[in-house]
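Hi everyone, thanks for making time today. I'd like to walk you through a structure that may be new to you, so let's put it up on the screen.

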Amino acid sequence: MGNRVARTLAVAVAGLFAGHVIVYRILAPGPLQRSVLAAGTSHAYLPFALAVGLMLAMAAGARTFHLGFQRATVQGTDRRRPGVTGTLILPAVAQAAAFIALEVLERMLAGAPMGNLLGPLLPVGVALQLVVGATGGLLLAGLDRAGEITGRAVAVRRRPAAAATEPHRWPPATPTPGHRPRSALLIRGPPILA
């Protein structure tokens with residue numbers, strides 16, 4: 001598994017559980033409504049899973065910034081930024097698919113009926129997960145770009161100074177014999193007495 005895929009998955013885990021909590025808050029604002037909508041599935045794991053997902057997302061964001069910084073400061077790195085497909089579409093679709101799998105798994109483990117998935121939960125949940133997944137991809141792309149910009153700024157300051165050469169002064173401070181200035185404006189006359 002590539003480094004970029006691992007970072008995207010770490011952010012997707014946080015987005016998946018955050019989106020999961022938000023979907024249930026949107027569709028069922030009260031605790032009684034949430035328990036009916038969840039159809040007996042337990043969401044006791046969500047606070048812990050969300051905390052772990054957020055830690056993974058923070059580590060992925062820091063790594064993404066570092067890789068962008070490194071790409072700008074190290075000579076010869078050919079790493080390119082991902083395109084629109086890798087930045088937006090793949091994380092969004094993967095996160096929506098993971099939401100569907102998580103909902104099915106919750107109901108299978110609880111022995112709850114699958115019928116209430118076809119209500120408003122699935123369409124709203126998938127739509128929200130698509131938005132959250134694309135936002136996570138944009139966040140990673142922004143951190144990568146910020147790292148690259150910072151790296152370029154640091155690289156400019158690290159460049160060695162140009163070789164010190166004595167500037168060529170014109171006209172020479174002491175004229176050489178036979179030297180005539182090219183213009184009469186370059187000749188210094190006597191001081192003007194007032």
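Let's begin with a pocket, the second largest one, whose lining is made up of R4, V5, T8, L9, A12, G86, L90, P91 and A94. Please keep in mind that this is a predicted model. Two elements, α1 and α4, each give two or more residues to that lining. Which of them has the largest share? That would be α1, with five residues.

What is the lining like chemically? Six of its residues are nonpolar, two are polar and one is charged. As for the space inside, the second largest pocket holds about 190 Å³. In case you wonder how one looks for such spaces, rolling a probe the size of a water molecule over the atoms shows where empty space is left.

Now let's turn to the interior. The largest nonpolar core is built from twelve residues: L16, F17, V23, Y24, L46, A49, F99, L102, L117, L121, L122 and L128. Two or more of these residues come from each of α1 (3-27), α3 (46-73), α4 (84-110) and α5 (121-158). Here α1 turns up again, giving the largest share of the core with four residues.

One residue to look for on the screen is F17. What does F17 touch, leaving aside residues up to four places away in sequence? Its contacts are Y45, L46, A49, L50 and L102.

Finally, there is a second core, separate from that one, with six residues. Among them are A10, V11, A60 and L140.

That's my tour, and thank you for listening!

Key: Residues are numbered from 1 along each chain as its sequence is written. This is a predicted model: local features need pLDDT of at least 70, side-chain atom pairs count only at pLDDT 80 or more; totals for chains, interfaces and linings use all residues. Side-chain values use heavy atoms; hydrogens and water are left out. A nonpolar core is a set of buried Ala, Val, Leu, Ile, Met, Phe, Trp, Tyr and Cys residues joined through side-chain atoms within 4.5 Å. Buried means under 20% relative accessible area, exposed over 50%, partly exposed in between (1.4 Å probe, protein chains only). Contact means heavy atoms within 4.5 Å. On a 1 Å grid over the protein atoms alone, a cavity is a set of points where a 1.4 Å probe fits but cannot get out, and a pocket is an open set with protein on both sides within 12 Å along at least five of seven lines; lining residues have an atom within 4 Å of a point. Grid points are joined across faces, edges and corners, and a volume is the space filled by probe spheres set on the points. Ala, Val, Leu, Ile, Met, Phe, Trp, Tyr, Cys and Pro count as nonpolar, Asp, Glu, Lys and Arg as charged, and the others, Gly among them, as polar.
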